[in-house]
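Biologist: Could you take me through one spot in this model up close, and then show me how the rest fits around it? Keep it informal, but give me the cut-offs as you go.

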Amino acid sequence: MRVAICEDDTFYQQLIVETVKNYALFQAPSIQIVSCTAQPSTETADCYILDIELNSSVNGLEIAQAIRQRDPLAHIIFITTYAQYLTLTFKYKLAALDFIVKDSPAQIQADLTEALQAAFMKYQQLGTIDQTKWFQIKIGEKIKNIEIEDIYFFETATQPHKIQLYERNGCHSFYGSLKEINLGDDFFRCHKSFLVHLNNIKEVDFKKRQIIMANGSHCPIAFRSLAALQKALHR
């Protein structure tokens with residue numbers, strides 16, 4: 001789970017970072033901080049920890065509004081000095097996961113740890129509940145949800161019982177087999193070692209028996225799969 005932090009007070013920023021890192025270290029190694037800034041950031045994440053009062057032209061509520069517009073499923077945790085801001089989160093219709101008032105450092109850490117636990121639980125559920133949008137893999141002790149529309153293809157890895165997944169944001173290796181992956185008609189087994197996302201095909205060279213994906217990767221086509229691929233592309 002990717003966490004983005006926006007807090008302009010260096011003391012609280014350090015406290016938040018320390019709390020997130022400790023929770024990740026001992027409870028959820030899947031959690032990683034992707035940005036920690038004092039100003040609004042364009043970095044995308046799964047969970048956002050936002051100070052409401054920022055030394056900026058926009059406040060945390062407005063940042064959250066923009067986040068909610070582009071990602072309705074993002075987890076938003078507010079942290080603020082003023083408890084009365086809580087009512088504004090309802091006015092802005094932000095559906096925040098938690099609202100933490102800046103109290104003693106120990107209390108903030110306890111409240112933030114509890115909020116992170118709730119966020120991570122929801123993150124884990126995404127890949128099992130909404131399987132039409134997310135594909136969940138386990139890499140060691142880490143859990144990662146990948147948007148299905150971002151997947152280019154799966155390839156059998158050289159290491160036994162492992163698969164390489166190529167997606168818009170990188171490549172991941174995990175244990176499994178291609179025959180166990182069932183993501184519907186948008187995916188096609190073009191070769192014994194390749195499962196491609198039809199929506200992310202850039203070009204098909206039937207003469208060379210080769211698929212060119214949107215990221216430039218080349219995937220082979222087994223001779224016996226040529227006719228079926230043509231049919232799948234024109235479905």
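Is Val-17 buried or exposed, and what relative accessible area does it have?

Modeller: Val-17 is buried, with a relative accessible area of 17% (buried is under 20%, exposed over 50%, partly exposed in between; 1.4 Å probe, protein chains only). This is a predicted model, with residues numbered from 1 along each chain as its sequence is written, and side-chain values use heavy atoms, without hydrogens or water. Local features need pLDDT of at least 70 and side-chain atom pairs 80 or more, while totals for chains, interfaces and linings use all residues.

So where does Val-17 sit? You'll find Val-17 in helix α1 (helices are DSSP H or I runs of at least four residues, strands E runs of at least two, numbered from the N terminus). Leave aside the neighbours within four places in sequence, and Val-17 is in contact (heavy atoms within 4.5 Å) with Ile-5, Ile-33 and Cys-36. Lys-102 is 85 residues away from Val-17 along the chain, and their C-alpha atoms are separated by 15 Å.

Now for the nonpolar cores (buried Ala, Val, Leu, Ile, Met, Phe, Trp, Tyr and Cys joined through side-chain atoms within 4.5 Å). The largest one has 24 residues, and the members touching the most others are Met-1, Val-3, Ile-16, Ile-31, Ile-49, Ile-77 and Leu-112. At least two residues of this core come from each of β1 (2–6), α1 (10–26), β3 (47–51), β4 (75–80) and α4 (105–129). Take Ile-49: not counting residues up to four places away in sequence, Ile-49 touches Val-3, Ala-4, Ile-5, Cys-6, Ile-16, Val-20, Ile-77, Ile-79, Leu-112 and Leu-116. Apart from the largest core there is another one of 16 residues, including Cys-6, Tyr-48, Ile-76 and Leu-94.

Further along the chain you run into an open sheet of five antiparallel strands, in the order β10-β9-β8-β12-β11 (two strands pair if DSSP finds at least two bridges between them). β10 (170–175) and β11 (187–191) are the edge strands, each with a single partner, so one side of each has no neighbour in the sheet. β9 (162–167) is antiparallel to β10 over six bridges, and the two make a hairpin with two residues between them. Within that pair, Glu-167 has Gly-170 of β10 as its bridge partner. β8 (151–156) also runs antiparallel to β12 (194–197), this time over three bridges, with Phe-153 partnered by Val-196 of β12.

For a contrast with Val-17, look at Glu-149, which is in the loop between β7 (142–147) and β8. Glu-149 counts as exposed, at 53% relative accessibility. Setting aside residues within four places in sequence, Glu-149 is in contact with Arg-168, His-197 and Asn-200. Phe-26 lies 123 residues from Glu-149 along the chain, with 32 Å between their C-alpha atoms.

Stepping back, the chain has five helices and 15 strands, and its C-alpha atoms fill a box of roughly 65 × 35 × 25 Å along the principal axes. Of its 235 residues, 43% are buried. Among the contacts with a separation of 6 or more, 48% link residues 24 or more positions apart.

As for confidence, the chain averages a pLDDT (the predictor's per-residue confidence, from 0 to 100) of 90, and 96% of the residues score at least 70. β12 has the highest mean of the elements, at 98, and helix α3 (86–91) the lowest, at 68. Where pLDDT is low, the predicted coordinates should not be read in detail.
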